[in-house]
Amino acid sequence: MPRKVDSGFDYDDDYDVYEDYDYDYDYADDYEVEEKGTAPETKDKQKIGSIGVWRCPICTFDNEDSMSACDICGVLRDPLVKVNTDSHTAAAPFKFNAPSPDDLVSNGLRSMKLKSRGNVLSEKETNILVEPELATKRSLLSERETNIPVESELAIEGPESSSASGTGDKHNGVNEEGSASGSGTERGKSNVVNEEDSASGSGNEPELFDSSMSVQTLSFKSGKAEIISEGKTASISQYNPDTWMIPSKEDDELSQLNLAIVGHVDSGKSTLSGRLLHLLGQISQKDMHKYQKEAKQLGKGSFAYAWALDESAEERERGITMTVGVAFFTSKKYHVVLLDSPGHRDFVPKMISGATQADAAIIVVDASMGSFEAGIDATRGQTREHAQLVRSFGVDQIIVVVNKMDAVGYSKERFDVVKQKLGTFLRSYGFKDSSVVWIPASAMENQNLIASPSDARLSWFKGPSLLDAIDSLKLPARDYSKPLLMPICDVMKSNSQSQVSVCGKLESGAIRTGFKVLVMPSREVAVARSLEKDAQQCKIARAGDSVTVHLQGIEGNSVRAGGVICHPDYPVKVANHLELKILVLDISTPILIGSQLEFHIHHAKEAARIVKISSLLDPKTGKTTKKSPRCLVAKQNAIVEVVLQEAVCVEEYSNCRALGRVFLRVSGRTVGLGVVTQIFNKMED
Ligand code: GTP
Ligand code: MG
């Protein structure tokens, strides 16, 4: 879940990141990987190849003995294990010359089944629709040496009204009696909600669209689904939300907080998440025993808590998270949706797809000697890349959990070193000091998670526990009074009942059971048969909520992850030619006209080509400094045009931040962050 603008990858319009930005930071000092020890738990992932080399347990690459971290994937070598002739690796290897494993697993999130999921489709009858492999339809640039660090800012114009509709003005523009398509009914007078009049309508009759909105209802497919062609759509200014769409004071429900857990591979994100869930009663003692027993049998006893989130056999065998795991718990203030991201660099696209929904984030770092340093390494560390990406998702509040403090004897000195070094990066990415909470913790030894630390060695820490820190986070503004937009993160279909369910976060508007929705890009209309929030059935979901919507009246092949469900009168745009304002990250190969990239936008990714480099921008003022430059190099801000292989659902950033925020990647590295400034062609059917 996303938002903001002003400049740089700080998209906030209310915060001038340049004041804090350190343009001259010397990174060289920070990249040395110390080899004094590491957490014993990480040994599970370490096996040795042959003498003179050590084999990475994650990617099986044979590294020279002098390497302290894997040359391919950056996983830290256990310095205590030196030479061993056992070439067996417990982890199932994958080949880097094959398509990325990222392309082989289903797109988007997967949900934990910690609680009874009410009407959720049973696992057996549920298929995840896998996006067609991008790898087969693109020929990306092959440079592997591109880096990520961002040390300059992207000049982006201040946003319009996008998320201005916070809770403060949440009752503005509410059509309390009329339909969602804006019948001109007087606003704000009556408290009576006329459910029949809403745009939803649960009847079986095909919806008739108001001709004044210039939307044409064309035909029905298979006698079931309604298809709407693209035409002139209703102007957003005509939209008046119904009363039920806006939360009222009487709704004493806790709000949902979407919390992404990010950080370098092996830092303990899943263990921390599993531990937290167990402490909060979301994992039964029986299940926990089962995880412990099974993990032990597989020789991975230290991963027992992580198994609550790492559900697939491959994740468990390899001891790494491969897709974003979703779980729920309740704090004093929030229904927290936990998004446990993979830390391995090969799964950054998964991390982007899942964590892009975050309202706030927990960055987990491994305090162990050498491990923290590997995480902030300029080329192989994911701590910095994740922090930077999270910031570009619009997240401005983070909690940094300095985990595995048990491995460093709960040393205050070590905590201070981590805080000082990582703090410098976070500031340079636009995080304000006042929006960052630092917590020393041990997920393994349950220190500082839901209560103050019990270990006397941590008595020097006077701050909040992790749970209290979560409760201190603030909810971002929500776009309740705009038409429904929900990017589809994942799709599930039931073969037996021909039901289709979609998961995602509502970026704007609201939905309730019986509501008619337009599924894009297929342009088919379906009815929201039922809704689930926090793994419980619910009747209404509003902007900011992560939900599963069970759809009726649509075929599974008309719904795909990366698509969007929206209000039938206000379809999201679908296009493949876009103008972007981008910040180029720390690349070593220039971006040229014709350069091919991987283009990520909400839950969609597409092969893309740069077709025009329009201008270079001054990072501070945003003004054009050069027209039509021949190429782009690191740290430059520019306006470019891209053409995508397939059209995506997209909005200008000024209309909807979540649908106008893009990430450009090449050969497994993020090379640019940007926003959509213009949409050239709306695709015709
Ligand atoms: P990816 O999802 O693959 O990026 O890894 P992760 O960050 O989720 O790490 P995970 O939870 O899988 O834990 C990795 C290893 O670190 C496991 O062996 C854990 O037992 C160990 N670990 C996690 N937390 C702690 C801790 O607080 N102290 C110690 N000593 N080890 C820990
Ligand atoms: Mg994990």
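The following exercises, each with a worked solution, concern a predicted model.

**Exercise 1. The magnesium site**

Task: Determine which residues coordinate the magnesium ion (ligand 2), and where in the chain they lie.

Solution.
- Step 1. The ion is coordinated by Ser 270 through OG and by Thr 321 through OG1, at 2.0 Å.
- Step 2. Ser 270 belongs to helix α2 (residues 269–279), while Thr 321 sits in the loop between α4 (313–318) and β8 (325–330); the pair therefore ties together parts that are 51 residues apart in sequence.
- Step 3. Both Ser 270 and Thr 321 are buried.

**Exercise 2. Lys 573 and Glu 652**

Task: Describe how the side chains of Lys 573 and Glu 652 meet, and decide whether each residue is buried or exposed.

Solution.
- Step 1. A salt bridge joins the two side chains, with 2.8 Å from N to O.
- Step 2. Lys 573 is part of strand β23 (residues 573–584) and Glu 652 is part of the loop between β29 (637–650) and β30 (661–666), so the salt bridge ties together parts that are 79 residues apart in sequence.
- Step 3. The cut-off for a buried residue is under 20% relative accessible area. Lys 573 has 18% and is therefore buried.
- Step 4. Glu 652 has 15% relative accessibility, so Glu 652 also counts as buried.

**Exercise 3. Further salt bridges**

Task: State how many salt bridges are counted, and examine the pair Lys 533 and Asp 545 as well as the network that contains Lys 505 and Glu 507.

Solution.
- Step 1. The count comes to 16 salt bridges.
- Step 2. Lys 533 and Asp 545 form a salt bridge through their side chains, at 3.2 Å from N to O. Lys 533 lies in strand β18 (residues 524–533) and Asp 545 in the loop between β20 (540–542) and β21 (546–552), twelve residues apart. Both Lys 533 and Asp 545 are buried.
- Step 3. Lys 505 and Glu 507 also meet in a salt bridge, at 4.0 Å from N to O, and both of these residues are buried.
- Step 4. A network of salt bridges links Lys 505 and Glu 507 with Asp 359 and Arg 478.

**Exercise 4. Helix α5 and its neighbour**

Task: Establish how many residues of helix α5 are buried, and how α5 is placed with respect to helix α7.

Solution.
- Step 1. Helix α5 covers residues 348–355, and eight of its eight residues are buried, so α5 is largely enclosed by the rest of the structure. Among them are Val 348, Lys 350, Met 351 and Ile 352.
- Step 2. Two packed helices are described by the angle between their axes and the distance between the axes.
- Step 3. For α5 and helix α7 (residues 382–392), the angle is about 30° and the axes are 11 Å apart.
- Step 4. Angles under 35 degrees count as roughly parallel; α5 is therefore roughly parallel to α7.
- Step 5. The crossing of α5 and α7 is right-handed.

**Exercise 5. Backbone features**

Task: Identify what is notable about phi in Tyr 410 and Asn 446, and which peptide bond is joined in cis at Pro 521.

Solution.
- Step 1. Most residues other than glycine have a negative phi, and most peptide bonds are trans.
- Step 2. Tyr 410 has a positive phi, near 55°. Tyr 410 lies in the loop between β11 (398–403) and α8 (412–428), and with a relative accessible area of 1% it is buried.
- Step 3. Asn 446 has a positive phi as well, near 50°. Asn 446 is located in the loop between β12 (436–440) and α9 (466–471); at 26% relative accessibility, it counts as partly exposed.
- Step 4. The bond between Met 520 and Pro 521 is a cis peptide bond, with omega about 10°. Pro 521 is in the loop between β17 (516–520) and β18.

**Exercise 6. Cysteines and a distant pair**

Task: State how many disulfides the structure holds, and how far apart the C-alpha atoms of Asn 258 and His 335 are.

Solution.
- Step 1. The structure holds zero disulfides. For Cys 503, the nearest cysteine sulfur is that of Cys 489, 7.0 Å away; a disulfide requires sulfur atoms within 2.5 Å.
- Step 2. Cys 503 is buried at 8% relative accessibility, and Cys 656 is buried with a relative accessible area of 5%.
- Step 3. Asn 258 lies in strand β7 (residues 255–262) and is buried, with a relative accessible area of 0%.
- Step 4. The C-alpha atoms of Asn 258 and His 335 are separated by 8.5 Å, although the residues are 77 residues apart along the chain.

Key: Residues are numbered from 1 along each chain as its sequence is written. Chains are lettered from A and ligands numbered from 1 in the order in which they are written. This is a predicted model: local features need pLDDT of at least 70, side-chain atom pairs count only at pLDDT 80 or more; totals for chains, interfaces and linings use all residues. Side-chain values use heavy atoms; hydrogens and water are left out. Buried means under 20% relative accessible area, exposed over 50%, partly exposed in between (1.4 Å probe, protein chains only). Helices (H or I, at least four residues) and strands (E, at least two) are DSSP runs, numbered from the N terminus. Donors are N, O and S atoms within 2.8 Å of the metal (3.2 Å for Na, K and Ca); water is not among the atoms, so sites may look incomplete. Axes are lines fitted to C-alpha atoms, for helices over the stretch in contact, and angles run from 0 to 180 degrees between N-to-C directions. Angles under 35 degrees count as roughly parallel, over 145 as roughly antiparallel, 65 to 115 as roughly perpendicular and the rest as oblique. A crossing is left-handed if the near helix is turned anticlockwise from the far one by less than a right angle, and right-handed if clockwise.
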